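Student: I would like a close look at one part of this model, the way its helices pack and the salt bridges along them. Please take it step by step.

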Amino acid sequence: MCNQESNLNTVGKFVLENYKRLAIKESKPSNYIILGDAYFVEKDISKAIESYNKAINLDPSFIEAYFRLGKLYSFLKEYSLAIQTYKKVIEIEENCSKSYYELANIYLLLKNYDMAIERYNQVLKVNHEKPA
């Protein structure tokens, strides 16, 4: 069993190094998302945040980077940062039901039931208005 864990750590480090090279070679937001995900799996939270922010700096309208950042902040129980991040998505794409849903879940965790209900209703409204 110990050898298997050692092998997994080696494989994880190999994958992480390859993602780092790719992000440096091709400075694209999507590469930094993958890199951030790899850092998150490796439990290097500060580098994951840094990678997601690099993706945002390269393309401030790349909402997937904001989602990953918001999820990470929620995981860390940094709810005010998660809320700010999801609100930024709504500034970019007003009818993004996924953002309203994530906000509703956070407000529910914070026991802010009125805001949670508002956001869940917004999810329903946005989804209802989307063409089938």
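**Salt bridges and helix packing**

Tutor: The count of salt bridges comes to six. The model is a predicted one, and side-chain atom pairs count only at pLDDT 80 or more.

Start with helix α4, which covers residues 63–75. Within this helix R68 forms a salt bridge with E64, and their closest N and O atoms are 2.8 Å apart. The two residues are four apart in α4, so about one helical turn separates them. R68 has a relative accessible area of 28%, and because partly exposed covers the range between 20% and 50%, R68 falls in that class. E64, at 27% relative accessibility, also counts as partly exposed.

Next, helix α5 runs over residues 79–92. Here the side chains of K88 and E91 meet in a salt bridge, with 3.5 Å from N to O. K88 and E91 are three residues apart in α5, so they too are separated by about one helical turn. K88 is partly exposed at 32% relative accessibility. E91 has 62%, and because the limit for exposed is over 50%, E91 counts as exposed. Returning to E64 and R68, salt bridges with shared partners join these two and D37 into one network.

Helix α3, residues 45–58, holds another pair: K54 and E50 lie four residues apart in it, about one turn of the helix. K54 forms a salt bridge with E50, and the closest N and O atoms are 3.6 Å apart. K54 is partly exposed, with a relative accessible area of 36%, and E50 is partly exposed at 42%.

Now for the packing. Helix α4 packs with helix α6, residues 97–109, at an angle of about 10 degrees, and the two axes are 12 Å apart. Angles under 35 degrees count as roughly parallel, so α4 is roughly parallel to α6. The contact of α4 with α6 has two nonpolar, two polar and four charged residues. On the α4 side the residues are E64, F67, K71 and S74, and they meet K98, S99, E102 and I106 in α6. E64 thus appears in this contact and also in the salt bridge with R68.

Helix α6 also packs with α5. What is the angle at which the axes of α5 and α6 cross? They cross at roughly 160 degrees and come within 9 Å. Angles over 145 degrees count as roughly antiparallel, and α5 and α6 are therefore roughly antiparallel to each other. The crossing of α5 past α6 is left-handed. From α5, the contact is made by Y79, A82, I83, Y86, K87, V89 and I90. From α6, the residues are S99, Y100, E102, L103, I106, Y107 and L109. By class, the contact of α5 with α6 divides into eleven nonpolar, one polar and two charged residues. S99, E102 and I106 of α6 belong to this contact, and these residues also meet α4.

One last residue is K20, found in helix α1, residues 2–25. K20 counts as partly exposed at 23% relative accessibility. Apart from neighbours within four places in sequence, K20 is in contact with L35 and Y39. K20 and Y32 are twelve residues apart in sequence, and their C-alpha atoms are 8.4 Å apart in space.

Methods. Residues numbered from 1 in each chain as written. Predicted model: local features only at pLDDT ≥ 70, side-chain atom pairs only at ≥ 80, totals over all residues. Heavy atoms only, no water. Buried < 20%, exposed > 50% of the residue type's maximum accessible area, 1.4 Å probe, protein only. Contact = heavy atoms within 4.5 Å. Axes fitted to C-alpha atoms, helices over the stretch in contact; angles between N-to-C directions. Parallel < 35°, antiparallel > 145°, perpendicular 65-115°, else oblique. Nonpolar A, V, L, I, M, F, W, Y, C, P; charged D, E, K, R; others polar. Salt bridge = Lys/Arg side-chain N within 4 Å of Asp/Glu carboxyl O. Left-handed = near helix turned anticlockwise from the far one by under 90°.
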